[in-house]
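I opened the coordinates today and kept notes on what I looked up. The charged side chains were the main item on my list.

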Amino acid sequence: MRQVYQALQNRKSELMGHKNFLKYAVMVPLVEKNGELNILFEERAHHLKRQPGEICFPGGKIDAGDKDERAAAVRETCEELGLAQHEVEVIGPLDYLITSFHIVYPFAARISNYDQIRPNPDEVAACFAYRWNTCGAMLQSFITWI
């Protein structure tokens with residue numbers, strides 16, 4: 001019994017099989033435009049092999065060099081939107097999504113200057129923002145913090 005206690009007392013629980021999942025991090029970027037809160041979306045570049053032309057949030061695969069999921073979300077957001085890290089203020093994590101083969105870690109962030117966004121044409125065809133009042137209710141069923 002002593003061995004069982006020693007093995008379990010300081011054990012951190014994890015998602016069973018998590019090492020077999022592909023892991024991604026995404027950002028739900030919030031921007032102010034004309035004095036109103038907006039959610040920023042991307043249209044993926046049309047030459048991409050996976051999901052070309054789809055509407056999405058910035059994000060991608062978590063790399064081995066990323067400190068954690070949050071760092072991956074910031075890195076991907078900066079790469080895709082042409083921003084410096086100090087221009088992406090992470091507000092906090094959202095509920096993560098688990099599918100058959102993927103774990104997606106979403107975060108909300110404030111982009112400090114909408115006019116500084118320069119989409120990377122290798123990954124992004126276009127960016128556009130919708131007023132919070134327009135799409136906040138739609139997202140409510142997907143993001144439990146709204």
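**Notes on charged side chains**

I started with glutamate 89, which counts as partly exposed because its relative accessibility is 44%. The model is a predicted one. I then looked for a partner and found that glutamate 89 forms a salt bridge with arginine 110, with the closest N and O atoms 3.8 Å apart. Glutamate 89 sits in strand β5 (residues 88–93) and arginine 110 in strand β7 (residues 102–111), so this pair ties together parts 21 residues apart in sequence. I noted arginine 110 as partly exposed too, at a relative accessible area of 34%.

Next I listed the salt bridges that share partners: they join Asp63, Asp66, Arg75, Glu76 and Glu79 into one network. Within it, I looked up the side chains of aspartate 66 and arginine 75, which meet at 2.8 Å, N to O. Both aspartate 66 and arginine 75 are buried. Arginine 75 also meets glutamate 76 in a salt bridge, at 3.1 Å, N to O. I read a relative accessible area of 16% for arginine 75 and of 8% for glutamate 76, so glutamate 76 is buried as well. The count of salt bridges comes to six.

**Arginine 44**

Which side chain of opposite charge is nearest to arginine 44? It is glutamate 54, at 5.6 Å, and I recorded arginine 44 as buried yet without a salt bridge. The cut-off for a salt bridge is 4 Å, so that pair does not qualify. I did find the backbone oxygen of arginine 50 at 2.5 Å from a polar atom of the arginine 44 side chain. Arginine 44 belongs to strand β2 (residues 36–44). Beyond four places in sequence, its contacts include Gln51, Pro52, Cys56, Glu123 and Ala125.

**Isoleucine 39**

I stayed in strand β2 for isoleucine 39. Its relative accessibility is 0%, so isoleucine 39 counts as buried. From its C-alpha I took the distance to that of threonine 134: 9.5 Å in space, with the two positions 95 residues apart in sequence numbering.

**Whole chain**

I closed with the overall values. The protein chain has three helices and eight strands, in the order α-β-β-β-β-α-β-β-β-β-α. Of its 146 residues, 37% are buried. Among contacts with a separation of 6 or more, 63% join residues 24 or more positions apart. I noted 16 positive and 19 negative charges, whose mean positions are 8 Å apart. The C-alpha atoms fill a box of roughly 65 × 35 × 30 Å along the principal axes.

How values were computed: Residues are numbered from 1 along each chain as its sequence is written. This is a predicted model: local features need pLDDT of at least 70, side-chain atom pairs count only at pLDDT 80 or more; totals for chains, interfaces and linings use all residues. Side-chain values use heavy atoms; hydrogens and water are left out. Helices (H or I, at least four residues) and strands (E, at least two) are DSSP runs, numbered from the N terminus. Buried means under 20% relative accessible area, exposed over 50%, partly exposed in between (1.4 Å probe, protein chains only). Contact means heavy atoms within 4.5 Å. Lys and Arg count as positive and Asp and Glu as negative; His and the chain ends are not counted. The place of a charge is taken as NZ of Lys, CZ of Arg, CG of Asp or CD of Glu. A polar contact is a pair of N or O atoms within 3.5 Å; within protein, one must be able to donate a hydrogen and the other to accept it, and residues adjacent in sequence count only if both atoms are side-chain atoms.
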